[in-house]
Amino acid sequence: MKKRRNQRRNTAFFAGFIGLKHFFLYICSASNHFQSRKMDILQQDIKYLTGVGPSRKQILSRELGIETFGQLLEYYPYKYVDRTTVYKVHDLTGDMPFVQVVGRILSFDTYEMGPRRLRVVAHFSDGTGVMDLVWFNGGKYALENYVVGQEYLVFGKPSVFINRLQVQHPEIEKMDNAKLTSDGSAGFRPYYNTTDKMKKAGMASRTVERLVTTLIERLKEPLPETLPDFILSNQHLMGRDEALRAIHHPASARQLERAQVRLKFEELFFVQLNILRYASYQRNKYGGYVFNRIGDVFNTFFYHHLPFQLTGAQKRVMHEIRADLCTGRQMNRLLQGDVGSGKTLVALMTMLIAIDNGCQACIMAPTEILAEQHLNTIKDFLGDMHIRVELLTGVVKGKRRKEVLEALANGSVGILVGTHAVIEDAVQFHRLGLVVIDEQHRFGVEQRAKLWGKGMGAHPIIPHVLVMTATPIPRTLAMTLYGDLDVSVIDQLPPGRKPIRTTHVYDNRMTSLYDGIRRQIRQGRQIYVVFPLIEESEKIDLKDLEKGFETLKEAFPEFQLSKVHGRMKPAEKEAEMQRFVSGQTQMLVATTVIEVGVNVPNASVMVILDAQRFGLSQLHQLRGRVGRGADQSYCILVTPYQLSEDTRRRIDIMCETNDGFRIAEADLKLRGPGDLEGTQQSGMAFDLKIANIARDGQLVQMARDVASAIIDRDPMLTEPCHQLLADRLQQLRKTDIDWSHIS
């Protein structure tokens, strides 16, 4: 009996113990859940923030891409108004910028301004003087909400009307509610970009500011850090929690600057860290073919077919490429140079080295027309050399396509020229050793990887990659867009080339322009005339082109004209281009010659109509289509007289210099990285929320140096001190950043 009681007591004890255990597990689970929620507060749906709700969430999501607390916190102000000084009324003048004053409303006056319109004037004083607060709209709200005798903080731009100081449509806050710093000022007021649709829905900058303030007040716990202490201390950076709060509500100019530096550095650092880690991984995982033989193919070309002596820049670049090809590591090199600087010749010589070492080579261009131009250029260079060069684009079909694919697979094709059709699964090489990419628009690392896969076979050896760009890219942008590539620059033009003279002509001087064109044609030269083509108004632009073409035919009845635009069938386009190339026509009228990509040494004049509608880099590309021969060439930029300051600066830069790198730097500063020719087509792979590559060059370099030192020491970020960085990179991969395109 006693034994049974003890058993029951033990059973009850263990049951209680198990219950207690579950209770503690529940508490721990709830605690972990609470910790998780605390850590994940930035992932909270924005509709749960006070002041948002479902309808405002929809607007924020659609217009700004903001769906979570974190995305709102990282929606940074685009400017700040300094509100660190509180003025006295007697110190104000009508020519001052925005000011703030603390005082009381003495009385209101109202004035009829016609049917249902009311002008409301509040007489306001701080004891040193009186000024008027004036509302032409919203006066009824002012009468109902602002109280005589109440102390207010007033912010606005002072002016003088009939000898009385006034502020029209001021911002007003009760002093009880005003967020003031310790010195009694309102610090710096942030301003946020909002869209027209947001403003119509009553969500202007002030609304966004209030939502951000509500969010920051809700963030009771410090936000998690993303950079280790050794980076913060070495680079003298502010903590992330302080920076994210200060960027929205800076108390001083110094605090704002430190917050901006911290957040810009973090943004640029993780881009660089990802690029360098990827590059390191590639180098360590894969080998490259060792091309240590310079054989008969290269020597025959160099000594018997080279069309002209190489420039010093071409020789230097060939030495850099040759060194890469002998290391046993994959070459990943970006070749920069202006139109006509001889990049294609360097690429061909590199392909011949691959052939001498028993491999095939492939050159990939962004359009069919450019692929065909590469094919013709390469065949002209090679002459009667016994190297099979084939084309593979969308127009190569049926039996012909099958023949090319079979010849690729059995190795009888030495050089393949193509578009992105080259990376299709059906295309298989016998032994692909070199890929040349004409990077007029970017191919991301995923596309490159597809090409590598075609050359790997069963061994971890991948083809060498040479990426060419005719758009000179500023160093800071190249470091960010092409971070895993070594950079070579051809900064000399072939001998005999004269610098192109660029002039700016207003469109009311067309008669004298036509006379100049006539003189050039009578000297045996040919002319390009380019009309702008903006996609949004393509139909209108084509009408302009057709109308312009007829006008030019009437103006030059004694000459033959060709016409080319993107809506023409390929055969028609080709026929018109061939007429110009062969000299049957003296003038080529086109929507854009970059698209056409023709190379006509006899063409000496490039006329660009409505040049204000082109970006600097695009103007520079167009200009590069002339100056191919030994004769003096000209580029004429035609614009209306009325131009914005930025546009006039763009035109002036084009007239001042032929230096592609100077032009690219200026374009980067004027337009931003996402608009540059060569980056916009595929879009920036990542959206920099606060950093600006054009203006933050020093920070780009600083971020690069720090990331490089870390990757050199710990390529896979496996050391405990780098765990935070590895975690952050993993977290960023789950965002909308397309890391696969950060090459």
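This passage describes the sheets, nonpolar cores and a helix pair of a predicted model.

The protein comprises 743 residues, of which 51% count as buried, and its secondary structure consists of 25 helices and 24 strands. Among the contacts with a separation of 6 or more, 73% are accounted for by residues that lie 24 or more positions apart.

One open sheet is built from seven strands in the order β13-β14-β12-β15-β17-β11-β18, with parallel pairing. Its edges are formed by β13 (389–392) and β18 (486–490), each of which pairs on one side only, and the average turn between neighbouring strands, with direction ignored, is 20°. At one of these edges, β13 is joined in the parallel sense to strand β14 (residues 415–418) over four bridges, and within this pairing V389 has I415 of β14 as its bridge partner. Two helices lie across strands of the sheet. Helix α11 (residues 312–325) lies across β11 (332–337), β17 (464–469) and β18, and runs at about 155° to β18. Helix α12, in turn, lies across β11, β12 (360–364), β14, β15 (432–438), β17 and β18, with a direction at about 170° to that of β17.

The largest nonpolar core holds 44 residues, and the members that touch the most others are F301, L348, M351, I378, L382, I415 and V417. Helix α12 (residues 343–356) supplies ten residues, the largest share of this core. When neighbours within four places in sequence are left aside, I378 is in contact with L348, M351, I363, V389, I415 and V417; the bridge partners V389 and I415 are therefore both among the residues that I378 touches, contact being taken as heavy atoms within 4.5 Å. Another core, which lies apart from the largest one, has 34 residues, including L49, V52, F188 and M238. In soluble globular proteins, nonpolar side chains tend to be buried together.

A further open sheet has six strands, arranged in the order β19-β24-β23-β20-β22-β21 and paired in parallel. Here the edge positions are taken by β19 (501–506) and β21 (561–564), each pairing on one side only, and neighbouring strands are turned against each other by 20° on average, again with direction ignored. Strand β20 (residues 526–530) runs parallel to strand β22 (residues 587–590), to which it is joined by four bridges, and M587 in β22 is the bridge partner of I527. Helix α19 (residues 570–581) packs on this sheet, where it touches β20, β21, β22 and β23 (603–608), and its direction makes about 145° with that of β21.

Helix packing is illustrated by helix α21 (residues 616–623) and helix α22 (residues 645–656), whose axes are 10 Å apart and meet at an angle of about 35°, in a right-handed crossing. On the α21 side the contact is made by L616, L619, H620 and R623, and on the α22 side by R650, I653 and M654; by class, these comprise four nonpolar, one polar and two charged residues. An α-helix has 3.6 residues a turn, so residues three or four places apart point the same way. Helix α21 is mostly covered, with seven of its eight residues buried, namely L616, S617, L619, H620, Q621, L622 and R623. The buried residues of α21 thus include L616, L619, H620 and R623, which also take part in the contact with α22.

Definitions and conventions. Residues numbered from 1 in each chain as written. Predicted model: local features only at pLDDT ≥ 70, side-chain atom pairs only at ≥ 80, totals over all residues. Heavy atoms only, no water. Pairing = 2+ DSSP bridges. Axes fitted to C-alpha atoms, helices over the stretch in contact; angles between N-to-C directions. Core = buried A, V, L, I, M, F, W, Y, C linked by side-chain atoms within 4.5 Å. Buried < 20%, exposed > 50% of the residue type's maximum accessible area, 1.4 Å probe, protein only. Left-handed = near helix turned anticlockwise from the far one by under 90°. Nonpolar A, V, L, I, M, F, W, Y, C, P; charged D, E, K, R; others polar.
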